[in-house]
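Me: Please take a close look at a single part of this structure and describe it in one connected account. I am new to this structure, so please explain the wording where the reasoning depends on it.

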Amino acid sequence: MQSTREIKINDVIASVQTDVGCVREANEDSGRHVRPSDLYVQATKGTLTIVADGMGGHASGEVASQMAVELISQFYYADDANPPEVALKNAVELASREIYQTSLTNENYYGMGTTLVALALQNNTAFVAHVGDSRLYRLRAGVFEQITEDHSQVMEMVKYGIISREEAKNHEDKNVILRAMGTQADVEAELTAPFAVHANDVFLLCSDGLCDMLEDEEMRRILIESSDVHAACELLIEAAKNQGGHDNITVGIVKISSSGEAETKTVRATRDINIA
Ligand SMILES: [Mn+2]
């Protein structure tokens with residue numbers, strides 16, 4: 001049942017975890033959950049959760065994804081002139097420009113880039129921005145749903161009716177993305193229409209190393225059966241590795257607790273940072 005109670009920052013419980021996987025030598029993914037300590041910033045900007053999947057030679061993908069999470073956090077919270085959706089879109093696009101500029105300064109960074117998905121929860125509203133094929137899913141009242149649509153070759157083919165969603169999942173070009181941060185001077189971040197957050201909603205942000213390995217039903221089952229957000233992250237990563245773990249795996253889970261739940265739980269800091 002939908003709660004009309006106001007969602008407070010203490011109702012937001014999150015965990016972000018990343019794993020190199022079973023095949024790759026380095027982890028080029030990055031993730032972060034930001035929970036501002038300042039009351040004014042809590043009220044105006046809320047929490048921010050980010051997953052980025054870097055790409056490029058000479059381990060520059062790691063540089064790009066780290067820059068993305070760092071700069072988007074900075075820019076989003078520093079912008080007190082705009083509402084959250086504008087601040088979030090601008091933050092992603094400005095960060096992309098800075099990654100691109102950095103890629104021109106060092107030949108090892110040439111061509112580096114990153115995909116991105118970011119979720120800001122401010123009061124009762126969710127703001128979502130993404131670039132590329134990092135995804136946001138939502139579990140609400142038992143229904144598990146993909147919220148973002150990949151900027152990918154196969155997604156275009158699905159849209160034009162050339163292949164089905166099922167065929168897209170196993171298509172040889174499934175990892176060809178049409179949009180990335182940092183690979184060109186300017187990129188447009190796609191902003192999902194803001195939507196109301198309900199008590200007990202669970203959000204899952206992930207890099208393709210998770211959703212390429214697991215069926216939706218498997219991700220849904222783990223989210224429902226896990227005792228808390230940290231356990232859920234660990235179980236999802238373990239499941240992806242059991243399926244081969246071909247890529248780096250990053251998972252962010254954000255849960256909206258029912259009244260009072262957050263206060264009674266010990267929230268383990270997992271790559272959380274505080275913004276003054
Ligand atoms: Mn990946």
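Reply: A helix here is a DSSP run of H or I with at least four residues, a strand is a run of E with at least two, and both are numbered from the N terminus. In that sense K159 belongs to helix α4, residues 153-159. The model is a predicted one. The part chosen for the close look is the sheet that contains strand β6, and its surroundings follow.

The sheet is open and has five strands in the order β1-β10-β9-β6-β7, paired in the antiparallel sense. Its edges are β1 (12-19) and β7, each of which pairs on one side only. On average, and with direction ignored, neighbouring strands of this sheet are turned by 15° against each other.

At one edge, eight bridges connect β1 with β10 in an antiparallel pair. Within that sheet, T18 faces T250 of β10. Helix α7 (residues 216-225) packs on the sheet and touches β6, β7, β9 and β10, and its direction makes about 55° with that of β6. Helix α8 lies across β1, β9 and β10 and runs at about 30° to β1.

Strand β6 covers residues 135-140, and six of its six residues are buried. R135, Y137 and L139 point one way from the strand, while L136, R138 and R140 point the other way; all are buried. Two partners flank β6 in the sheet order, β9 and β7. With β9 (residues 202-206), β6 is joined by five bridges in an antiparallel arrangement. With β7 (residues 143-146), β6 pairs over four bridges, again antiparallel. R138 illustrates both pairings: R138 stands opposite F203 in β9, and its bridge partner in β7 is E145.

The connection from β6 to β7 is a hairpin with two residues between the strands. A141 lies in this loop. Most residues other than glycine have a negative phi. A141 is not a glycine, yet its phi is positive, at about 50°. A141 has a relative accessibility of 78%, so it counts as exposed, whereas R140 in β6 is buried. The cut-off behind the word exposed is over 50%.

N123 offers a parallel case in another loop, the one between β4 (113-122) and β5 (125-131). N123 also has a positive phi of about 50° without being a glycine. Its relative accessibility is 36%, so N123 is partly exposed.

K159, mentioned at the outset, can now be placed as well. K159 counts as exposed because its relative accessible area is 51%. From K159 to P194 the separation is 35 residues in sequence and 23 Å in space, C-alpha to C-alpha.

A metal site can be described next. The manganese ion is coordinated by D53 (OD), D208 (OD) and D247 (OD) at 2.1 to 2.2 Å. Along the sequence these donor residues follow the spacing D-x154-D-x38-D. Distant parts of the chain are thereby linked: D53 sits in β3 (residues 47-55), D247 sits in the loop between α8 (229-242) and β10 (249-256), and the two are 194 residues apart. Both D53 and D247 are buried.

The strand that carries D53 has a partner of its own, since β2 and β3 run antiparallel and are joined by six bridges. In this pair, H33 has T49 in β3 as its bridge partner. Strand β2 (residues 29-34) is mostly covered, with six of its six residues buried. D29, G31 and H33 lie on one side of β2, S30, R32 and V34 lie on the other, and all are buried.

A helix pair completes the surroundings. The axes of α2 (residues 60-78) and α3 (residues 84-103) come within 8 Å and cross at roughly 140°. That angle makes α2 oblique to α3. The crossing of α2 past α3 is right-handed. Residues of α2 in this contact include A64, M67 and L71, and those of α3 include P84, A87 and L88.

Terms used
Residues are numbered from 1 along each chain as its sequence is written. This is a predicted model: local features need pLDDT of at least 70, side-chain atom pairs count only at pLDDT 80 or more; totals for chains, interfaces and linings use all residues. Side-chain values use heavy atoms; hydrogens and water are left out. Buried means under 20% relative accessible area, exposed over 50%, partly exposed in between (1.4 Å probe, protein chains only). Two strands pair if DSSP finds at least two bridges between them. Donors are N, O and S atoms within 2.8 Å of the metal (3.2 Å for Na, K and Ca); water is not among the atoms, so sites may look incomplete. Axes are lines fitted to C-alpha atoms, for helices over the stretch in contact, and angles run from 0 to 180 degrees between N-to-C directions. Angles under 35 degrees count as roughly parallel, over 145 as roughly antiparallel, 65 to 115 as roughly perpendicular and the rest as oblique. A crossing is left-handed if the near helix is turned anticlockwise from the far one by less than a right angle, and right-handed if clockwise. Contact means heavy atoms within 4.5 Å.
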